Structures are given as C-alpha cells and as structure tokens.
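Biologist: Could you take me through one part of this structure up close? I'm new to this, so please explain the terms as you go.

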Amino acid sequence: MVNNKLFGVINLSENDYFLKQITYNRPVASIPFLGRYRMIDFALSNLTNAGVVTVGIFLNDRYRSLMDHIGSGKEWDLDRKKGGVFWFSPYATPDIHSQLRGDISTYFSNIDYFTEVPGDYAVITGTSMILNIDLDKVLKEHLSTNADITVVYKSIDEDDFGFDRCNTVNLNEYGRVVTFGKNIKKNETEAAKKKISTEIYIVRKELISDMITDAITTGQNIFLSDVFHNAVTKYKVVGYEFKGYLKNISSIEGYFDASMDMLNEDHIKEVFFDDHKIKTKVKDETPTYYSEDSNVTNSLIANGCKIEGTVINSILFRRVNVAKGAIIKDSIIMQNTDIRENCMIENVITDKSVILTEGTELKGSPKNPVVVGKGSIL
Amino acid sequence: MKKEIIAMILAGGQGTRLGKFTKNVAKPAVPFGGKYRIIDFVLSNCSNSGMNTVGVLTQYQPLILNTHIGIGSPWDMDRNEGGVTILQPYASATEEKWFNGTAHAIYQNFSYIEDYDPEFLLVLSGDHIYKMNYEEMLDFHKEKEAALTIAVLEVPWDEASRFGIMNADKDLRIEEFEEKPENPKSNLASMGIYIFNWKMLKKYMNDNINAGIDMDDFGKNVIPAFLDAKERVFAYPFKGYWKDVGTLESLWEANMDLLDQNSELQINDRNWKIYSKNPSMPPQYLSKTADVKDSLVVEGCIVHGLVRRSILSPKVVIGENSEIYDSVIMDDVKIGKNCIIKKAMIGSSAVIPDDSIIDDNGKIAVVGEFEIYQEVK
C-alpha cells in the first residue's frame, strides 16, 4: 500500500501543567512509559499499523529527547523514500501570525505539508492517550457516514476520574457532535456516561487546509484543537466510539495510575499483545538478571536490569539496579536508576539516571507520589 | 572499492549434534541466552571491532539465518559500501558449487573478496560464543609480519587432545599443527579464527587446486600448506571466555554460564554490546504468584510460576504452580499450569500442556521447536 489514503499529523501542543515534574525537560510525547516506551509510541504505532507511511510531527519545545527517540523513524518503518517522518518546528519570525498565542501559525507556516502530502485524509492525533486502535476502521466509518470530521471518543463512567481536564464530546441522537466541552470533576455522580475525546480526528486534507487558513485569515489566535471544536457549527462532525482500553496522562497522578493499571495481565495483553504491535526504539539491552536473593512479584521489568532486592507492584525501566536488601513497592523506576543496599521506597517515581544511596527511605501516596528528578543523587 | 580487511563468517554447518534444534535451522541461528542467536556474538564482535565488510557463508537450512541477518542493521552493517552480504552456494555454467569444506567455501567466493581487494582476510566461525577484538589481532598480525595468524586459547591439558593444537616457539611462531593429537605437546588450541594475507592465501589455494591438490579444509589442508612452505604463521593468544556450542551439553552449559555474574563473558559490558534483532514486546511481567531467582528473563514474558537457574526468551508464558529448574526456554514457548521441568531445553514455539513433567534424570531433556509435548509413559 504505497499510496495510503491516510497520512499522520501528530500534534504536540498538549497541556503538561500537571505533569511538570516529569516534563521539565521533555514534552508529553517523550514521557517514558511502562519500562521501555515513550508516549508518542502509541500514536506512531497506531498510524503505521494502519499502513500510514507519512507522518508530520508538529513540535513545540524541549524536543531533543523526542528527536533522539524517533531518529529516522526506522523502528516504525518510517525510514522511507516515499513518505517518512517530517518535522515541523515553530517559526520564530517577526511575521504577524507567529506572534499569536496558539500553535495554528505553525500549521499555517507548514500548510504545504497538507497540500502536497500523498494521501487524502489526515489523522490528527495527540500523544497523551494510551490506546491501541485500528485507524482503518475509523476511516471506514468516516467514509460511510459522509462526515467532514470524525472524532474518536470513548464512553466512560461518571466516577472514572482518570480523564480529568480531557475534552468531552457531546453527541445528538444521530451521532453528530454538537459541542465539545471540558471534563470537570463533579462530586454528585450521575447515571449517565461521559464521552471523552481521544484527540484523534480524521478529516479530508483540503478541509483541514481550509480550516487552518480560515483561522489565520480571521485572526484567531488559537490552537489546532480549537479549530476542531469550533468546526461543529459549520461542518458535519461525527463521533466514532472506541471500545478498547484507554488511559490518559495529564497529571502525575494520572501517569502513576495508568502505569499501575498495566500491572494487570488483561490490560497488558490488550494493548501490547495485539497483532498491531506498539513499537519503540530498541536498545539492545541484555536479559534481566534475578539473583538468588531477589523477590519480585506483580511487576513489569524491562531488560538490562539486575535485581537482588525486593520489588512489589512496581515498574522498572531498562538498566535498573536493585541492590540486596532494597525494597521497592508501588513505584515507577525509570531507566538507568541505581538503587543501593537497604533502600526502602513506596509510591515513588524516579526519573532517569537517579542514584538512591544506601538506606534511602522515600514514601509518597498513590494520589501524590514522590517524584525524584532526572539525575538526582539522594 | 578497496578495504583493508574483510571478514568471512562460516555459517553453513549443519550442527547435527544439536539434534532437534538444527532440524530446520542452521547452527549459527540457534537461539541462545534468551534473546540472541549464536551468530550474534561473532557479528557483534565484527561490529565492535570496526569490521564492517562481512560475508556470511550459509548453506544448511539458511532461511531463518538469512532472515535474522537481513541487511545487517542490528549490527550497524547496513552500509553504503560493504556491510553484510549473505553468500550462498550457487550453480554456475560449468558446475554446481556446494561448499565441500571451510576453505572450499571461501574459495567459491573469491570473486566477492576480490571486489574489495583487501590486504587481509579474517575467517571466523559462526558458532562460537566469545567476545574478541579482531582489530587487536590484526595489529598483532601486522606487527609479526605474518602470512597467517591463528587465534589460540590455552585449554586444560587433559582436554587438549580434542582440539587442533598449535606447537609454537617462544616468539609464538607456529612450528607444527596437530589435529586432535593423542599426546599433545602444547595446550594452545586453535579457535578457528584466522587472519590471512589475502594475496598469499589466494596464491596457495589457486596453485594447489590447479595442481589437483585438495584444499577443502583450513585445518587439514591450508594451514599445513602454509607451514610446509615455511611461511610466517603465528599464534595469537586469546584470554577470556570462549565456547564452541557444537553439542547439546555445551549449548546448555554456555547458556548456564550467562547466569554466572562473575563470568568472563560479561554480556552486559556497555562498551561491547551484543546486538541482536529485538522484538517489539512489552517488559516482562511477573505476576503475584511468580517466584523467579537466579535466572535471566527478557521482554514479552509472562511468569506465574517458579523459575530457578533458568533462561527465558521473548514471549515465554509460564502458568501458575509450574516449576522450572536449570532450563533454557526458547522464544514463544507456552508452559501450562502445574508443570515440572528440570534441566530441559525447550525449542521455539513449543507447547507444554498443563501437568506435564519433563525430567530426564540428570540428562538434558529436549523438546523441539513447534512440538506439542507429550509425556512418554
């Protein structure tokens, strides 16, 4: 399928206000997840699993780690002669539209991508959602409903607090999207389900070009997501219900919760053992060694670790050392962390390359895990 | 385009002594150490030694080996110039050219070597587990102004009669070569790693073959020819871990050696990584009932049972209440509930049903790839 109907647009304008402790030097797209992934792996894999060969990534800032991670796009088969990965960074020119607040000017500056890309329909996706979705099916429904814009949503229970501050989708009886809104925590529980936007849209490429151009010509200083939200009054916007596993990462609490939720065999199997694989950059790490003294239960452990201590209900990234006598409970330990003898940690997130010296004790709570910054020595 | 040195890896061997594991797979492609195949070691050595023009000679059951190597990207050998090339026997206008021996395989591919017009030719085996810097061996070869350098390993005296033994003078110049001698005069065993001056090798092989002399084998024919002609043949002493994994016992032992954290092999040396094709799988999941000790586990495994002194490969699933001891479990093996497995090697994609017991009373039990295990009552 050389000339796929779909092409990808990855939108990195994502709110990371409540993720600051782990997005200090990286965008949401680059947040390490579940031992060996980064958040953008879901978007890239979902796109390429649907046969997409052209992906444009619209950058904001702090993108060093992201470019390092994606490189030529080889892991996702995106090192192509036809298609491939295209990077678009914000332009810093004194041009009128680059002074605006939103990211729409970045899209407008690169409008050629939308007009020249082979492929008829854009899939616009963010990177803060964890899901394994068949985008071919979404396209089929987009075509059969004659929609101008299709937005993918998931119905959740009113008391599911994992999607705070996500956008909601409100449909009329014909499945048309009437309005977009914000998911605000409410104390009184209603019986009705809420529909959460996955921030995945399918739209014809001529229409997305027009919408971006219109936003610029009318002087709206907005984000691309606003363009879609405003479209409901003018275009036929239809919802597509995604019924699979979905988690959102928009706060430290949400990140912690989504990670811990993967310590369930059914969830791992649904997201990662599907025929559609979630791919990531590989690192040629050695197998993980469990010593005679190790004691590991209910945990996800990446390659290259050496474990001599106790690990319970935790996620260990690549190349983590857990020394004798150390106890790790309900924690997320990122790449290259060295946990020395007799440390005791519970409800902790350690960012990359942290050293916890002998006997360090740290304790957080599930609602408020202790976050140890990248490269710290405690 | 000229290259100073190119490497040729002999990977055509059938490896009959590995039994079920080489039924459909060439020996160098047999899975090893959880996430590797045997040939990854020599390919990674080449990559880490800066040898980036490598010919891999395949013959027996090459499909999986060829797929594994591909264009060589895991070893950084997807190069514009050189890189890795799979060399298979081929038919020509005059004859069919099956490889009759180690040297004959190289002889049949002289045209590949000629394309690079190298000064030196490095000849390697695809079925040894070791880490070695070939560049240091090349430096030694140049320093000795040798015609041929053979890497040697000191082996225990009582085992020396199993190897090709080099008798060298104090300057390491080889005076005599004995294949599996009854009464060895030295304990320097050939590792099957040679650096030749390419022009000299070409001359000896062409001259002798044209004269009707058998030149099929390096050990039997080529090395004796060099020694008889009093060429400068040197022994390059190697120190460190080296294992020929030609038998089930040695393959099992080499796997178990990886569990030794003080092993000289040190596969976790970050300056000498062993590269392989990596599967896209999530981290290994150890469930609430899992109990894993003294073992190596890789991505994509799901473990509910007990694992001791064992090696698990990608996508291995071990059910509840199952117990695995001293075993090597290759990729995609599904082990059911309540199984007991002792000292076994279980081939890729095999299925071990619930309540199976695999125990060959101290001998290595073998389950072949894709086999659905049935207990012999």
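Modeller: Let's start at B:Ile335, which touches B:Val317, B:Ile318, B:Gly319, B:Ser322, B:Ile324, B:Ile329, B:Ile341 and B:Ile352, leaving out residues up to four places away in sequence. Touching, or contact, means heavy atoms within 4.5 Å. This is a predicted model, where local features need pLDDT of at least 70 and side-chain atom pairs count only at pLDDT 80 or more, while totals for chains, interfaces and linings use all residues. Residues are numbered from 1 along each chain as its sequence is written, chains are lettered from A and ligands numbered from 1 in the order in which they are written, and side-chain values use heavy atoms, with hydrogens and water left out.

Now zoom out a little. B:Ile335 is one of the residues with the most contacts inside the largest nonpolar core, which has 45 residues; A:Ile307, A:Leu316, B:Val303, B:Ile346, B:Ile352 and B:Ile358 are on that list too. A nonpolar core is a set of buried Ala, Val, Leu, Ile, Met, Phe, Trp, Tyr and Cys residues joined through side-chain atoms within 4.5 Å. Buried means under 20% relative accessible area, exposed means over 50%, and partly exposed is in between (1.4 Å probe, protein chains only). Strand 25 (344-346) and strand 28 (365-367) of chain B are the elements that give two or more residues to this core. Strands (E, at least two residues) and helices (H or I, at least four) are DSSP runs, numbered from the N terminus. Apart from this core lies another, of 44 residues, including B:Met77 and B:Leu153.

Over in chain A, have a look at A:Thr360, in the loop between strand 26 (355-356) and strand 27 (361-363). With 12% relative accessibility, A:Thr360 counts as buried. A polar atom of its side chain lies 3.4 Å from the backbone oxygen of A:Leu378. That fits the idea of a polar contact: a pair of N or O atoms within 3.5 Å, where, within protein, one must be able to donate a hydrogen and the other to accept it, and residues adjacent in sequence count only if both atoms are side-chain atoms. Neighbours within four places aside, A:Thr360 is in contact with A:Asn342, A:Cys343, A:Met344, A:Ile345 and A:Leu378.

For a contrast, try A:Val178 in strand 10 (residues 177-182) of chain A. A:Val178 is partly exposed, at 43% relative accessible area. Not counting residues up to four places away in sequence, A:Val178 touches A:Asn170, A:Leu171, A:Asn172 and A:Val232.
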